[in-house]
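Biologist: I am new to this structure. Please take me through its pockets, one step at a time.

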Amino acid sequence: MDKHIAVLAGDGIGPEVMEQALRVLSAIAEKFGHRFSTTTALVGGAAYDKYETHLPEETKSICRSSDAILFGSVGGPVGDMNNPKWKNCEANSILSLRKTFSFNVNYRPVKVIPELEYLCPLKKEVIERGVDILFLRELLGDCYFGEHRTFNAENGVRTATDLITYDEEQIASIAEVAFRAAQKRRGKVTSVDKANVLDASKLWRAVVREVALGYPDVTLEDMLVDNCAMQIVRDPSQFDVVVTGNMFGDILTDAAAVLPGSLGLLASASMNREGFGLYEPPGGSAQDIAGTGTANPVAQILCVALMLRHSFALETEACAIESAVETTLKEGYRTRDIARSGEDNQKIVDTRGMSERILEHLLAITVPSTAACS
Ligand code: NAD
């Protein structure tokens, strides 16, 4: 396979972890006989220094002529947000890319590795039932894109409204993605809505049920968002694929993000209807640790696995990366964010040390291996 990838490392720890992810990508190319060429492009504060904009035309054009985008993270120190270099940096970079490429589905896998259960805030017996969920969040609809209005009502009281809008094509599109994903996983879709109150949710539920008819091998369950929030904490093992709208997805995925225990372990993907995707860790630029060499590269490396799976249909290669990461973590290799004081078996490593070990495992895996893809 011959593919071209736009690499937007961004700010803070972005370039540090991206360097390690690209080493993993090269190892995959060599091991499996693919050609992956890359073009780096500036985004965020790094772009602002040169172009006085967070998302230059040149960067968009490089993305347009690529098969996928690998994105690091953007943003400045939390206390420096009024500096023009950092002001609205995230919105100008990521939200603009989402708009430019009409990314309509966000994938957010959330998994707890048993050896890292001490990082998970849930009880041991709950985690032991297994936490392995794929969240799919619709990205282009809901109240984020409807009309926003603040006005003085006739009685003089200040009033604000945000309009929730979904059409059936938007819902059917993400529902198809959810059912296809469930077919490759454990065969269950939980569709989350607020159909007891909202018309947009009633339409959501009806359309998801219609789409389900085309997937008799997948079980569909409808769940109200308030119940879902409780169930994620009470018993996350019940979920396989969770599909939901933009706002519910925003909130539920952030709640679920605490389950693995560090932002350094999570990857995400945003895809459009043509299958073009952007792959990024959901965490930010972690300016508090940038330059210290301690950032966890696992999230960015898992983004490479997601890209291989969802953009290039290279399931075996994606599984090989996930398996190498899991083995490394099971052996006790820990960056600072996932270390546990008093643990005998752990080996504290820096950013490069973690990826070195992952690379060793990757090269040792016998092909084909789907060890991590249960
Ligand atoms: P953050 O996500 O950057 O960091 C939160 C905490 O998680 C920090 O303690 C950080 O050290 C830790 N962390 C994050 N990724 C890590 C990794 N790979 N390894 C080890 N530890 C890791 O959030 P923040 O500090 O609130 O924001 C910093 C900047 O990032 C801000 O400018 C914010 O706007 C921006 N931001 C960008 C994105 C993005 O690019 N998608 C997302 C969120 C925040």
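Modeller: Here is a close look at the largest pocket, followed by the second largest one. Keep in mind that this is a predicted model.

Start with the largest pocket. Its volume is about 1100 Å³. It is lined by 40 residues, and those closest to its centre are Leu-134, Arg-185, Leu-306, Arg-309 and His-310. Now look at the elements around it. Two strands, β4 (105-111) and β5 (132-138), each give at least two residues to this lining. So do three helices: α6 (168-184), α10 (298-310) and α11 (315-330). By class, the lining of the largest pocket holds 23 nonpolar residues, 11 charged ones and 6 polar ones. Both domain 1 (1-112 + 263-374) and domain 2 (121-259) take part, with at least three lining residues from each.

Now turn to the second largest pocket. Its volume is about 720 Å³. Here 32 residues form the lining, and the closest to the centre are Glu-90, Ile-94, Pro-282, Gly-283 and Gly-284. Helix α4 (89-100) supplies the largest share of this lining, 6 residues. Strand β4 and helix α9 (246-257) also supply at least two residues each. The lining of the second largest pocket divides into 14 nonpolar, 10 polar and 8 charged residues. Domain 1 and domain 2 each contribute at least three residues to it.

One element links the two views. Strand β4 supplies at least two residues to the lining of the largest pocket, and at least two to that of the second largest.

Technical notes:
Residues numbered from 1 in each chain as written. Predicted model: local features only at pLDDT ≥ 70, side-chain atom pairs only at ≥ 80, totals over all residues. Heavy atoms only, no water. 1 Å grid on protein atoms, 1.4 Å probe; cavity = no way out; pocket = protein on both sides within 12 Å on 5 of 7 lines; lining within 4 Å. Points joined across faces, edges and corners; volume = space filled by probe spheres on them. Helix = DSSP H or I, 4+ residues; strand = E, 2+ residues; numbered from the N terminus. Nonpolar A, V, L, I, M, F, W, Y, C, P; charged D, E, K, R; others polar. Domains from an automatic or database assignment.
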